[in-house]
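Dear colleague,

Please find the structure below, together with its sequence. A summary of the findings follows it.

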Amino acid sequence: MAANLQQLVAGAPKAELHMHIEGSLEPELMFELAAKNAVSIPYPTVDAVRAAYQFSDLQSFLDIYYAGAAVLLHEEDFYAMTRAYLERAHADNVVHTEIFFDPQTHTARGVPFQVVVEGITRALAEAQRRYGMGYRLILCFLRHLSEADAFATLEQAVPHLGLIHGVGLDSSERGHPPSKFERVFARARELGLRVVAHAGEEGPPAYIYEALDLLKVERIDHGVRALEDAALVARLAASRMPLTVCPLSNVKLCVFPRLAEHNLRRLLAAGLCATVNSDDPAYFGGYINENFRQTAAALDLTRDELYRLLKNGFEAAFLTDAERAQHYAALDGYWQSL
Ligand code: ADE
Ligand code: ZN
């Protein structure tokens with residue numbers, strides 16, 4: 001990719017819609033919190049932690065990711081982690097972010113739900129004041145746990161619904177189809193929450209159909225395996241159903257062997273509302289601009305394709321019409337000026 005195109009994308013205002021806040025916990029902060037909270041981690045140094053980030057599939061990553069989250073105990077820990085992500089996102093010109101959090105990872109260790117939500121939200125509200133960055137907070141249910149556990153988590157969220165905008169579904173995909181959570185998602189929709197789900201990352205196109213038809217999601221997280229099913233692609237394109245794609249994640253978790261073989265360009269060519277996101281940037285080697293930079297280079301994306309990816313981010317975001325119009329205008333103003 002030409003250096004000027006790379007700079008153009010790096011400087012563009014952007015929305016990030018698929019980022020697990022626990023996946024932004026960098027090893028340096030993990031060590032700091034481990035020492036402060038007297039939690040032991042099974043690596044002697046920050047470099048040893050980073051060296052362990054070699055994954056063969058989603059589960060091999062999740063095992064390490066959940067172990068890392070054990071250092072988070074207090075409100076200020078969740079605040080510090082979120083603040084660090086938001087500073088990096090701001091440096092990448094993210095102007096609107098919709099972040100996931102996994103409360104069950106923390107409540108299972110005895111950390112109160114309220115501590116998690118308040119620490120994360122304090123940092124989000126601060127970034128809004130300091131940088132004008134918009135945000136939404138999305139509670140993800142861990143799909144390897146039971147429906148009853150998800151219901152209990154949703155009930156814990158009820159007193160905090162002013163701070164939580166939506167629900168999602170993450171963790172081990174294979175063997176845990178969206179249908180397992182049909183009733184939980186129905187209840188979430190009744191509560192007025194927006195709904196998304198990871199589907200078609202490792203799981204088959206059938207899981208994407210279930211997310212659409214049973215959970216009634218408004219976005220599919222990942223969804224890259226949709227291309228295996230032409231009828232599904234036609235449906236996703238006709239409805240402008242967004243896919244929040246995470247290219248570096250997909251390579252790290254061996255969904256694609258190399259970035260050059262990623263199907264992002266084909267998703268766009270099929271008329272899909274694909275977006276670029278970082279998923280778990282502390283584990284996968286880069287924040288959103290690095291995802292754009294490496295993917296654009298590997299796939300030789302054109303200026304027009306990059307513009308569409310950026311614009312899709314705002315199209316797919318949970319914004320009001322007025323907010324969306326403002327973001328489109330800012331993006332277009334920036335893009336045309338350079
Ligand atoms: N939790 C954090 N990152 C995830 C991913 N890429 N897929 C499923 N669950 C996750
Ligand atoms: Zn994810």
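**Findings on the ligand site and aromatic pairs**

A nitrogen atom of ligand 1 lies 2.6 Å from an N or O atom in the side chain of D280. Please note that the model is predicted. Two further acidic side chains make polar contacts with a nitrogen atom of the ligand: a polar side-chain atom of D279 is found at 2.7 Å, and one of E201 at 2.8 Å. Taken alone, ligand 1 exposes 270 Å², and the protein buries 100% of that area. The space that ligand 1 takes up is the largest cavity.

The shell around ligand 1 consists of H20, L58, F61, L62, Y65, D170, S171, H198, E201, H222, D279 and D280. Sorted by class, this shell holds four nonpolar, four polar and four charged residues. Helix α4, which spans residues 58-68, is the element that gives the most to the shell, with four residues.

Turning to the aromatic side chains, a search of the whole structure yields 12 aromatic pairs. One of them joins Y307 and W335; the pair is tilted, with 5.8 Å from centre to centre and 45° between the planes. The two partners belong to distant parts of the chain, 28 residues apart: Y307 is in helix α16 (residues 303-316), whereas W335 is in helix α17 (residues 321-337).

I would suggest starting your inspection with the ligand site and then turning to the aromatic pair.

With kind regards

Definitions and conventions:
Residues numbered from 1 in each chain as written. Chains lettered and ligands numbered in written order. Predicted model: local features only at pLDDT ≥ 70, side-chain atom pairs only at ≥ 80, totals over all residues. Heavy atoms only, no water. Near = heavy atom within 4 Å. Polar contact = N/O pair within 3.5 Å; in protein donor to acceptor, adjacent residues only side chain to side chain. Areas by Shrake-Rupley, 256 points an atom, 1.4 Å probe, with all protein chains shown as cover. 1 Å grid on protein atoms, 1.4 Å probe; cavity = no way out; pocket = protein on both sides within 12 Å on 5 of 7 lines; lining within 4 Å. Sits in = over half its atoms within 2 Å of the grid points. Helix = DSSP H or I, 4+ residues; strand = E, 2+ residues; numbered from the N terminus. Nonpolar A, V, L, I, M, F, W, Y, C, P; charged D, E, K, R; others polar. Phe/Tyr/Trp six-rings, centres within 6.5 Å; stacked < 30°, edge-to-face > 60°.
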